[in-house]
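Trainee: I am new to this structure and would like to go through it slowly. Could you show it to me before we begin?

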Amino acid sequence: MNAADVMTSPAIAVRPGTTVRAASAVLGDHGFSALPVVDDDGRLVGIVSGADLLLAGMSPETATSPVSRVMRGTVISAPATASPAELTATMLSQRLRCLPIVTDGQVLVGVVSRSDLLRILTPADAVLAARVETALRAYSASPRWTVSVENGEVTVTGGFLDQAERRVIEALVRTVPGVRGTDLAS
């Protein structure tokens with residue numbers, strides 16, 4: 001497994017001439033912490049973070065200024081062949097929230113975020129179990145059930161007040177994205 005397997009691609013990027021206001025909108029709309037800045041050939045030339053944009057302020061003058069005025073031109077990046085361990089080490093040592101992934105010619109091909117790395121560390125079944133448990137807690141402040149998941153098949157064990165509650169719990173579990181099947185045991 002390498003960066004190409006975990007990165008988000010294609011990466012959303014802006015050009016040096018993109019306005020500060022437009023870059024802020026992209027960050028806000030997508031929930032990113034930073035945006036790569038690329039030239040007309042797709043080569044990485046900078047990065048602009050939410051902090052950079054906040055420091056620039058949003059006065060009428062700066063809102064219409066190009067991102068090139070507030071971006072950082074020195075960018076730490078990684079090749080698509082970097083291992084998850086290398087990506088993690090780089091991100092932690094440099095205190096990065098995202099890491100642009102580039103070709104040998106510095107063409108941006110993707111971005112790896114902390115979330116991308118966490119996703120590979122957490123098995124899908126564990127994530128699904130946590131989501132089902134959250135849904136059950138929303139239904140009952142003190143859930144009486146234990147959740148286990150194997151290959152997307154969710155087993156809920158514990159007592160049910162009656163058949164109606166059993167049907168409600170089964171329907172609730174099936175609403176969780178990724179659930180392939182359910183088994184409700186008493």
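The questions and answers below deal with pockets, one loop residue and the nonpolar cores.

Mentor: Before we start, note that this is a predicted model, in which local features need pLDDT of at least 70 and side-chain atom pairs count only at pLDDT 80 or more, while totals for chains, interfaces and linings use all residues. Residues are numbered from 1 along each chain as its sequence is written, and side-chain values use heavy atoms, with hydrogens and water left out.

Trainee: What volume does the largest pocket have?

Mentor: A pocket is an open set of points on a 1 Å grid over the protein atoms alone, where a 1.4 Å probe fits, with protein on both sides within 12 Å along at least five of seven lines, and its lining residues have an atom within 4 Å of a point. The volume is the space filled by probe spheres set on the points, which are joined across faces, edges and corners. For the largest pocket, this comes to about 340 Å³.

Trainee: Which residues lie nearest the centre of the largest pocket?

Mentor: Helices (H or I, at least four residues) and strands (E, at least two) are DSSP runs numbered from the N terminus, and β2 (44–49), α3 (50–56) and β4 (98–102) each supply at least two residues of this lining. Of the 16 residues that line the largest pocket, those nearest its centre are S49, R72, R95, L96 and R97.

Trainee: Which element gives the most to the lining of the second largest pocket?

Mentor: The second largest pocket holds about 240 Å³ of space. Of its 15 lining residues, T8, F32, C98, V111 and S113 are the closest to its centre. Two elements, β1 (34–38) and β5 (108–113), give two or more residues to this lining, and the one that gives the most, with three residues, is β1.

Trainee: Is D39 buried or exposed?

Mentor: D39 is found in the loop between β1 and β2, and, leaving aside neighbours within four places in sequence, D39 is in contact (heavy atoms within 4.5 Å) with R15 and V45. Because buried means under 20% relative accessible area and exposed over 50% (1.4 Å probe, protein chains only), D39, at 16%, is buried.

Trainee: Which element gives the most to the largest nonpolar core?

Mentor: A nonpolar core is a set of buried Ala, Val, Leu, Ile, Met, Phe, Trp, Tyr and Cys residues joined through side-chain atoms within 4.5 Å. Of the 16 residues in the largest one, V132, L136, V154, V156, I169 and V173 touch the most other members. Two or more residues come from each of α7 (124–139), β6 (145–150), β7 (153–158) and α8 (163–174), and the element that gives the most, with five residues, is α7.
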